[in-house]
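Work through the exercises below with the model open. Try each task before reading its solution.

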Amino acid sequence: MIHSVLIFNTSGIPRLTKFYTPLRSASQPLISKIFSLVSSRPATLCNFLDAPELQALLGDRIGDEVRVVYRCYATLYFVFVVDTSESELGILDLIQVFVESLDRAFENVCELDLVFHFDDVHHILAEVIQGGLVLETNVEEISDSVKISSQARKQAFQSANPLALGSGSGPRSSAPFGWLTTRLTGAGAR
């Protein structure tokens, strides 16, 4: 089972934290410990490690062994905390799928995309993982689902927003302040 998904920058500031199991205490000591474990490892070592010291910080429902599987892309660490029932190579592939899905949504994802579009990032993660279990690994399916929900959200916003210029789907298709724009431009002025 996947217990948490974390994204850090190289300074240790978390940009995404998602926990699928309840924690025993606050999340900040756990996040700091995971970052110190991951950031201190040389790039020549493998991308997963056993972390028995995290057991005291994680919840009661977690088994004996906890593994940290991570991947560093440019200035971001993508970290998954899993138990021993998960395949480390499978999780590395899942990280790759998640990053490719983010790249498709944001066209070269960067740290600012994670900060300013956190709701989209959480939506993409929810398309990949639900309740600590993997739902989808096909990047095309994830991308299509994200596009469809984004279009539906935009249409709902436009139809609910009375000030959306020319986007109403009702009988009134002109801009809500059309009378003002005609006066300002001189059309109909005396």
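**Exercise 1: the surroundings of F80**

Task: Which residues does F80 touch, not counting residues up to four places away in sequence?

Solution. The model is predicted. Take contact as heavy atoms within 4.5 Å. Start with the low numbers: F80 touches I2, S4 and V5. Next come R67, V68 and V69. Then add I91, L94 and I95. I129 completes the list for F80.

**Exercise 2: the nonpolar cores**

Task: Find how many residues the largest nonpolar core has, and which elements give two or more residues to it.

Solution. Count the core: 29 residues. Pick out those with the most contacts inside it: I2, F80, L102 and I129. Now turn to the elements. Two or more residues come from each of β1 (2-9), β5 (76-83), α2 (88-106), α4 (118-128) and α5 (139-160). The most come from α2, which gives nine residues. Another core lies apart from this one. It has 18 residues, including V38, L49, V68 and V81.

**Exercise 3: the largest pocket**

Task: Describe the space in the largest pocket and the residues that line it.

Solution. Begin with the space: the largest pocket holds about 180 Å³. List the lining next: S101, R104, A105, F106, D120, I124, I142, S143, V146, K147, S150 and K154. Assign the elements: α2, α4 and α5 each supply at least two residues of this lining. The largest share is six residues, from α5. Finally, sort the lining by class: five residues are nonpolar, three polar and four charged.

Note on methods. Residues are numbered from 1 along each chain as its sequence is written. This is a predicted model: local features need pLDDT of at least 70, side-chain atom pairs count only at pLDDT 80 or more; totals for chains, interfaces and linings use all residues. Side-chain values use heavy atoms; hydrogens and water are left out. A nonpolar core is a set of buried Ala, Val, Leu, Ile, Met, Phe, Trp, Tyr and Cys residues joined through side-chain atoms within 4.5 Å. Buried means under 20% relative accessible area, exposed over 50%, partly exposed in between (1.4 Å probe, protein chains only). Helices (H or I, at least four residues) and strands (E, at least two) are DSSP runs, numbered from the N terminus. On a 1 Å grid over the protein atoms alone, a cavity is a set of points where a 1.4 Å probe fits but cannot get out, and a pocket is an open set with protein on both sides within 12 Å along at least five of seven lines; lining residues have an atom within 4 Å of a point. Grid points are joined across faces, edges and corners, and a volume is the space filled by probe spheres set on the points. Ala, Val, Leu, Ile, Met, Phe, Trp, Tyr, Cys and Pro count as nonpolar, Asp, Glu, Lys and Arg as charged, and the others, Gly among them, as polar.
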